[in-house]
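Morning, everyone. Today I want to talk about pockets. Please have a look at the model on the screen.

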Amino acid sequence: MSPIRPTPRALTAVTVCLLAVGLWQIAEGSWIYAKARLAQLLLQRAWSHALAGEPAPKPWPWADTWPVARLSVPSQRVEQIVLHGAYGRTLAFGPGYAETSAFPGSAGTTILTAHRDTHFRFVKRLQPGDELVIETREGRRKRYRVQDRRIMDVQAGSISLDGRTNRLVLVTCYPFDALRPGGPLRYVVTAEERA
């Protein structure tokens, strides 16, 4: 009995299907990064309105968030607009401010969160001593120095909101190169305000 050999037409059809699925996956993955970059451009415009005194300027008409601060990391050449709220729908467009923490630029502990593969991709390269800068809507700048980096299990750990120290805490999912989103581990960077 001789083996069944696929016809050239069948091989072509399989090749075209595999190529189409591959291109679709690449396009879908690229869209996430493109959306994140485009959003930051629109957020820059909304941030200009915030600096001009507009109370909650929406970056696009249907947005349910608005800029509350600008985060700069000089050593990483990072500058990002921070959005109100740390929800999935917000984090798709930029870092979010956790509303249970101190408002960016005010006294206490401010917590910012973002996705590990887009806006907080740089966090894994932060080192103790690196400077983080928060610019407030009033134009003030608060400077922080990275003190600590740790991996935390959300089911067992917590972040102290102690108001005696002015801190900025950046939180993202961990590990950085995981194939699956989410998981119980978080990478936490703590920075203290410079005197």
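**Two pockets**

Start with the lining of the largest pocket. Its residues divide into 12 nonpolar, six polar and five charged. One caution before going on: this is a predicted model.

So how many residues line the largest pocket? The count is 23. Nearest its centre lie His115, Arg116, Asp117, Pro181 and Gly182. The volume of this pocket is about 530 Å³.

Which elements supply the lining? Helix α1, residues 8-51, gives at least two residues, and strand β7, residues 167-173, also gives at least two. The largest share comes from α1, with four residues.

Now the second largest pocket. Its volume is about 290 Å³. The lining here has 14 residues. Look for Arg37, Gln80, Thr118, His119 and Arg121, which lie nearest the centre of the second largest pocket.

What is the chemical make-up of this second lining? Four residues are nonpolar, five are polar and five are charged.

And where do they come from? α1 and β2 each supply at least two residues to the lining of the second largest pocket. Strand β2 spans 78-84. The largest share, four residues, is from α1.

Let me put the two side by side. For the largest pocket, α1 provides the largest share of the lining. For the second largest pocket, α1 provides the largest share as well. β7 is among the contributors to the largest pocket, and β2 is among those of the second largest.

That's my part. Over to you.

Methods: Residues are numbered from 1 along each chain as its sequence is written. This is a predicted model: local features need pLDDT of at least 70, side-chain atom pairs count only at pLDDT 80 or more; totals for chains, interfaces and linings use all residues. Side-chain values use heavy atoms; hydrogens and water are left out. On a 1 Å grid over the protein atoms alone, a cavity is a set of points where a 1.4 Å probe fits but cannot get out, and a pocket is an open set with protein on both sides within 12 Å along at least five of seven lines; lining residues have an atom within 4 Å of a point. Grid points are joined across faces, edges and corners, and a volume is the space filled by probe spheres set on the points. Ala, Val, Leu, Ile, Met, Phe, Trp, Tyr, Cys and Pro count as nonpolar, Asp, Glu, Lys and Arg as charged, and the others, Gly among them, as polar.
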